[in-house]
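Biologist: Could you take me through the salt bridges of this model, one pair at a time? I would like to know where the partners sit.

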Amino acid sequence: MSSSSPAEPSASAPPAAAPRSRRISLPPFWAQILAGLVLGVVLGWVAREWSVDWLSRTLDEVGGIFVQLLRLAVGPLVFLAIAVSITNLRQVSNAARLAAQTLLWFLITSLIAVAIGLTIGLLTNPGSGSNLSAADGVAPESKGSWLDFLTGIVPTDVITPFTELNVLQIVFMAAAVGVAALKLGERAAPLITFAETSLALLQKVLWWIIRLAPIGTVGLIGRAIDQYGWDLLGDYATFTVDVYVGSLLVLFGVYPLLLWSVAKVNPLRFFRGAWPAIQLAFVSRSSVGTLPVTQKVTERLGVPREYTSFAVPFGATTKMDGCAAIYPALAAIFVAEIFGVSLGAQDYLLIAFVSVIGSAATAGLTGATVMTTLTLSTLGLPLEGVGLLLAIDPILDMVRTATNVAGQATVPVIVAAREGILDRDAYDRATSFEINDIDRDEEPAPADDRPSGAPPRAREATV
């Protein structure tokens, strides 16, 4: 009599599937951002209407911490991104031509943007219908000047630019290191590898910070509503509408027209692929903080990674159609009208010159105070006019930064298409993706449900 034994599983029975890790299902990132905007407006209104001090402090701290986290990553991110991008040019044929074409299209789009800003300002007279006066202005604590701009490029030491967040000096040092690494050739390979790994680690940390954008939005919007309320919109109504109209004309008019006529691509597919970066720029108000997302969407639009890693970081620190072209033009006209100063044709030409050449002064951070003071001082307008603009600046900075980032992705697509290196199939397939799922998008696809010998499954980004 045979001894009984536990039933053996049938040889033909499929093995049990390995348990998969469960992930918390989150709403789409755009929905989180929208909820943050609405909640911020409500909480800011409550704090202001009923003078809720603890809520005011909380909103201020939440918004301040989010911006501080972004600023904490800006210095090393800019340095590593610029240095690595220059060393990556060694892998690109006609690197000098690509760099020249990129700079050329930066200038062209900036000129178009400043021309739109000037045209809107001259047609609408943004300061004429305001109740503001020269007495309402306050001179800023810091200002930009051409002397500071030119002499401030070279740092006095290697630490201060990072502690004081002087992005222009950080760019200078990064460019010097990148060019030196190229000259050293193979001897610099270990340093380049270390820099690339450090950049990848920093970008991973920045992705985590970016995920906090909905919470940061609550604080930033709530703080703006609490501090300034809705009353200021009456005095700044024309100016605010002008900035938004000008920015939206560039964002949804000029860029699509250039993509269609110069790059010969479908503009709608560009916005479908670039939307994650544009929406994040709108709420974070930081071109540099959005840099990893901008670079990712540009790659997904078919621009080679080697060129993208140069063009996007370069654009994030110098390509500012919203903050450095449209806005300074309108701000100069607005301040001139408030202070009763007449501007002539030569002044408008000077505004265009400042906007194109001085873009790097904006540094890719929130706000455009340095660029505004640079423009006003060049025109000889009272710097007290900057104080008139600070109250409305957070509301304007959102659309300005969204325009900046859209331009930083548009130009690489145009240049890549003109140079014949754009992957048009990838461009046509580009879709939006969920920032919440970025880590999942980088993981290898699970293999337990694929037949033996089958090729890996393609990963699909969430639309």
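Modeller: Happy to; here is a walk through the charged pairs. This is a predicted model, where local features need pLDDT of at least 70, side-chain atom pairs count only at pLDDT 80 or more, and totals for chains, interfaces and linings use all residues. Residues are numbered from 1 along each chain as its sequence is written, and side-chain values use heavy atoms, with hydrogens and water left out.

The structure holds 8 salt bridges, each being a side-chain nitrogen of Lys or Arg within 4 Å of a carboxyl oxygen of Asp or Glu. One of them joins R97 to E419, with the closest N and O atoms 2.8 Å apart. R97 belongs to helix α3 (residues 95-124) and E419 to the loop between α18 (393-418) and α19 (424-429), so this pair ties together parts 322 residues apart in sequence. Helices here are DSSP runs (H or I, at least four residues), numbered from the N terminus. R97 is partly exposed at 46% relative accessibility, as is E419 at 22%; the term covers values between buried (under 20% relative accessible area) and exposed (over 50%), using a 1.4 Å probe and protein chains only.

A second pair is R269 with D428, at 3.9 Å from N to O. Since R269 lies in helix α11 (residues 267-284) and D428 in helix α19, their contact links parts 159 residues apart in sequence. R269 is partly exposed at 28%, and so is D428 at 37%.

R400 and D393 also pair, at 3.1 Å from N to O, and both are buried. Through shared partners, salt bridges join R285, D393, D397 and R400 into one network.

Methods. Helices (H or I, at least four residues) and strands (E, at least two) are DSSP runs, numbered from the N terminus.
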